[in-house]
Amino acid sequence: MSWSATVLTLFPEMFPGSLGVSLAGRAMREGIWSCEARDIRAHALDRHRTVDDTPFGGGAGMVMRPDVVDTAIAAAMPEGDTRPLIYLTPRGRLLDQRLVQELAAGPGAVLLCGRYEGVDQRVIEARGMIEVSIGDYVLSGGELAALTLLDACVRLLPGVMGAAESAVEESHSAGLLEYAQYTRPAEWQGRAVPQVLLSGHHAEVARWRRQESEAATRERRPDLWTRMQVAGGGAAA
């Protein structure tokens with residue numbers, strides 16, 4: 001069976017978006033994965049297709065109604081659907097490569113894209129949603145976050161990427177940032193490619209790349225480097 005994504009959104013026209021082109025688009029056409037976008041407004045309870053209301057306790061903005069959201073989820077996830085239900089929100093756990101790998105190894109995902117001030121907490125709890133954030137910033141809605149999550153997962157599906165080892169060596173796959181990359185010409189504007197990459201010694205190249213990954217991680221993402229040290233996965237600083 002193909003990897004199946006269902007997106008619950010107020011703007012279904014945003015999907016598949018960029019995922020309909022390049023490798024992800026080809027994989028979709030080949031049936032490796034699918035993406036269905038469902039309009040939450042189709043499950044509104046009034047003729048005005050209202051999906052939000054004012055927050056209890058006061059405050060600015062509007063909140064998406066639990067009854068409307070729950071009905072939309074029920075229509076998208078029939079009984080027996082084992083896909084995880086993910087709510088894209090700045091309050092969620094940070095999306096990392098480990099979570100991406102877990103999702104890509106499963107049957108797919110159902111993604112809820114919030115708008116306004118968010119979704120009523122009761123439906124989040126009742127449905128056991130996994131709350132996920134793509135970073136410490138606020139977007140206008142969950143759609144771009146959903147596209148990001150889907151892109152990260154789809155590229156790991158068997159048959160999507162041309163070289164399987166690419167997914168193994170890239171940034172975050174081993175908890176480190178990726179080493180710098182070089183291609184022809186060997187010298188450009190007075191800048192030469194590191195000699196070790198021209199040596200043909202695979203073990204030396206692998207050692208250099210590991211050192212470069214560790215150095216980049218220590219300098220640019222000390223949080224990742226500390227995590228690696230705690231987990232015992234990094235070399236001594």
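**Local features of the predicted model**

A76 is part of helix α2, which covers residues 66–76. The structure described here is a predicted model. With a relative accessible area of 5%, A76 is buried, because that value falls under the 20% cut-off. Leaving aside residues up to four places away in sequence, A76 is in contact with T6, L8, R38, D81 and R83. One of these partners, T6, is 70 residues from A76 in sequence, yet the two C-alpha atoms are 7.3 Å apart in space.

Helix α8 offers a second view of burial. In this helix, which runs over residues 222–231, the buried residues are L224, W225 and M228. These three lie on the same side of α8, because they cover an arc of only 100° around the axis. A general point of helix geometry is useful here: an α-helix has 3.6 residues a turn, so residues three or four places apart point the same way. The cover over the buried residues of α8 includes helix α7, residues 202–220. Just after α8 comes G232, whose phi is positive at about 80°.

Helix α7 also takes part in an aromatic pair. A pair of aromatic rings is described by the distance of the centres and the angle of the planes. The count for this model comes to one aromatic pair. It is formed by Y182 and W208, with ring centres 6.5 Å apart and planes at 55°, so the pair is tilted. The two residues, 26 apart, link distant parts of the chain: Y182 sits in the loop between α6 (164–169) and β8 (187–188), while W208 belongs to helix α7. Their surroundings can be set side by side: Y182 is partly exposed, at a relative accessible area of 42%, whereas W208 is buried, at 15%.

The loop between α6 and β8 also holds P185. The peptide bond that joins R184 to P185 is cis, with omega about 5°. Another cis peptide bond runs from F15 to P16, where omega is near 5°. P16 is placed in the loop between β1 (3–9) and α1 (22–29). As background for these bonds and for the phi values that follow, most residues other than glycine have a negative phi, and most peptide bonds are trans.

Positive phi values also appear in residues other than glycine. S22 is such a residue, with phi near 55°, and it is found in helix α1. S22 counts as exposed, because its relative accessibility is 59%. Y116 likewise has a positive phi, near 60°. Y116 lies in the loop between β6 (108–113) and α4 (121–126), and at 39% relative accessibility it counts as partly exposed.

Finally, the surface carries a nonpolar patch formed by Y137, L139 and L144, which together have about 280 Å² of accessible area. Within this patch, L139 is found in the loop between β7 (130–133) and α5 (143–154). L139 counts as partly exposed, with a relative accessibility of 34%.

Key. Residues numbered from 1 in each chain as written. Predicted model: local features only at pLDDT ≥ 70, side-chain atom pairs only at ≥ 80, totals over all residues. Heavy atoms only, no water. Patch = residues over 30% accessible without salt bridge, like charges linked within 9 Å, V, L, I, M, F, W, Y side chains within 5 Å. Areas by Shrake-Rupley, 256 points an atom, 1.4 Å probe, with all protein chains shown as cover. Salt bridge = Lys/Arg side-chain N within 4 Å of Asp/Glu carboxyl O. Helix = DSSP H or I, 4+ residues; strand = E, 2+ residues; numbered from the N terminus. Buried < 20%, exposed > 50% of the residue type's maximum accessible area, 1.4 Å probe, protein only. Arc of directions from axis to C-beta. Contact = heavy atoms within 4.5 Å. Phe/Tyr/Trp six-rings, centres within 6.5 Å; stacked < 30°, edge-to-face > 60°.
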